[in-house]
Amino acid sequence: MLNELLIPAKIRAGDIKAFEELFYYYYSPLCWYAASITGRMEVAEEIVEELFYVIWRDREQLHIFQSLRSYLYRATRNQSLQFCEHEEIKDRHREAILSGANAQVSETTDAQQQMEYEELQHLINQTLDQLPERRKQIFKMHRSQGLKYAEIAELLSLSVKTVEAEMTKALRTLKKGIENYIQMR
C-alpha cells in the first residue's frame with residue numbers, strides 16, 4: 001500500500017520509483033473512473049496518462065493539501081467532465097452548422113443560387129478527392145457518418161490526437177480551396 005503522506009514529497013524530490021509506485025497503484029482504477037464519466041475507455045486512458053504526465057512534469061511545484069487519493073480522483077473527474085463538455089459543445093456546433101446548411105439548401109429556389117451551390121459542392125468534392133486516402137476517410141467518417149474522433153480512432157487503430165490532426169489538415173485544405181474559389185468570383 002502507498003504511503004500517501006510520503007509519496008508527494010518523494011515525487012517532488014524526483015524519486016522515479018515513488019512516481020512509478022503511484023502510477024501503477026492508481027492507473028487502472030482512475031481509468032475505470034474516467035471511463036464511467038466519459039463512456040470511452042480510450043479517452044479515459046488519455047485523461048489519466050495526461051494527469052500523470054503533468055504530475056511528473058510539474059513535480060517540483062507539487063503541493064497536495066488533501067489526501068493523495070482524493071486529489072487524483074478529483075483531477076480525473078474534472079478532466080473527464082471537461083472532455084464531456086467539450087464534446088457537447090462540438091456536437092451542438094456541428095448540429096447548428098448542419099441544420100443551417102440543410103435549411104439554406106432547402107430554401108434555395110433561385111436558379112443562380114442553386115447553380116452556385118452545386119458548383120461549390122463540386123469544388124468541395126474535388127478538394128476532398130485530392131486529400132490523402134486516410135485523411136479523406138477520416139473526414140468522411142466524421143462528417144458524413146457522424147462518428148466522433150474517438151470512435152474513428154478505435155475503428156482505424158489510431159490515436160484520437162492523430163484523428164484530430166488529420167481533421168485539422170483536411171479542414172485547412174477545404175478552407176483554402178473555398179477561399180480560392182471565392183477570390184476567383
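**Entry 1. The second largest pocket**

I began with the second largest pocket, and found that it lies between domain 1 (6-93) and domain 2 (111-184), because both domains give residues to its lining. I note here that the model is a predicted one.

I then looked up the volume of this pocket, which comes to about 550 Å³. I listed its lining at 21 residues. Nearest the centre of the pocket I recorded Ile47, Glu50, Gln79, Phe83 and Lys161.

Next I asked which elements give two or more residues to this lining. I found four entries to write down: α3 (41-57), α4 (68-107), α7 (149-156) and α8 (160-184). The largest share is that of α4, with eight residues.

I also sorted the lining of the second largest pocket by class. I obtained 11 nonpolar residues, three polar residues and seven charged residues.

**Entry 2. The chain as a whole**

I looked up the secondary structure and found eight helices and zero strands. Following the sequence, I wrote the pattern as α-α-α-α-α-α-α-α. I noted that the chain has 185 residues, of which 31% are buried.

**Entry 3. Helix α2**

I turned to helix α2, which spans residues 16-38. How is its N-terminal end capped? I found Asp15 in that role, with a side-chain oxygen 3.0 Å from the backbone nitrogen of Lys17.

Further along α2 I looked up the bend and located a kink of about 40° at Tyr27. The proline Pro29 follows shortly after this kink. I checked Tyr27 against the burial list and found that Tyr27 is among the buried residues of α2. The other entries I copied from that list are Ala18, Phe19, Leu22, Tyr26, Leu30, Cys31, Ala34, Ala35 and Thr38.

Just after α2, I examined the backbone of Gly39 and recorded a positive phi of about 80°.

**Entry 4. Arg135**

I next looked up Arg135 and placed this residue in helix α6, which covers residues 133-143. Is Arg135 buried or exposed? I found a relative accessibility of 16% for Arg135, so this arginine counts as buried; the cut-off for that class is under 20%.

I then searched for a partner of the Arg135 side chain. I found a polar contact of 2.7 Å that joins the side chain of Arg135 to that of Glu166.

Terms used: Residues numbered from 1 in each chain as written. Predicted model: local features only at pLDDT ≥ 70, side-chain atom pairs only at ≥ 80, totals over all residues. Heavy atoms only, no water. Bend = angle between axes of the 7 residues up to and from the residue. Buried < 20%, exposed > 50% of the residue type's maximum accessible area, 1.4 Å probe, protein only. Polar contact = N/O pair within 3.5 Å; in protein donor to acceptor, adjacent residues only side chain to side chain. 1 Å grid on protein atoms, 1.4 Å probe; cavity = no way out; pocket = protein on both sides within 12 Å on 5 of 7 lines; lining within 4 Å. Points joined across faces, edges and corners; volume = space filled by probe spheres on them. Nonpolar A, V, L, I, M, F, W, Y, C, P; charged D, E, K, R; others polar. Domains from an automatic or database assignment.
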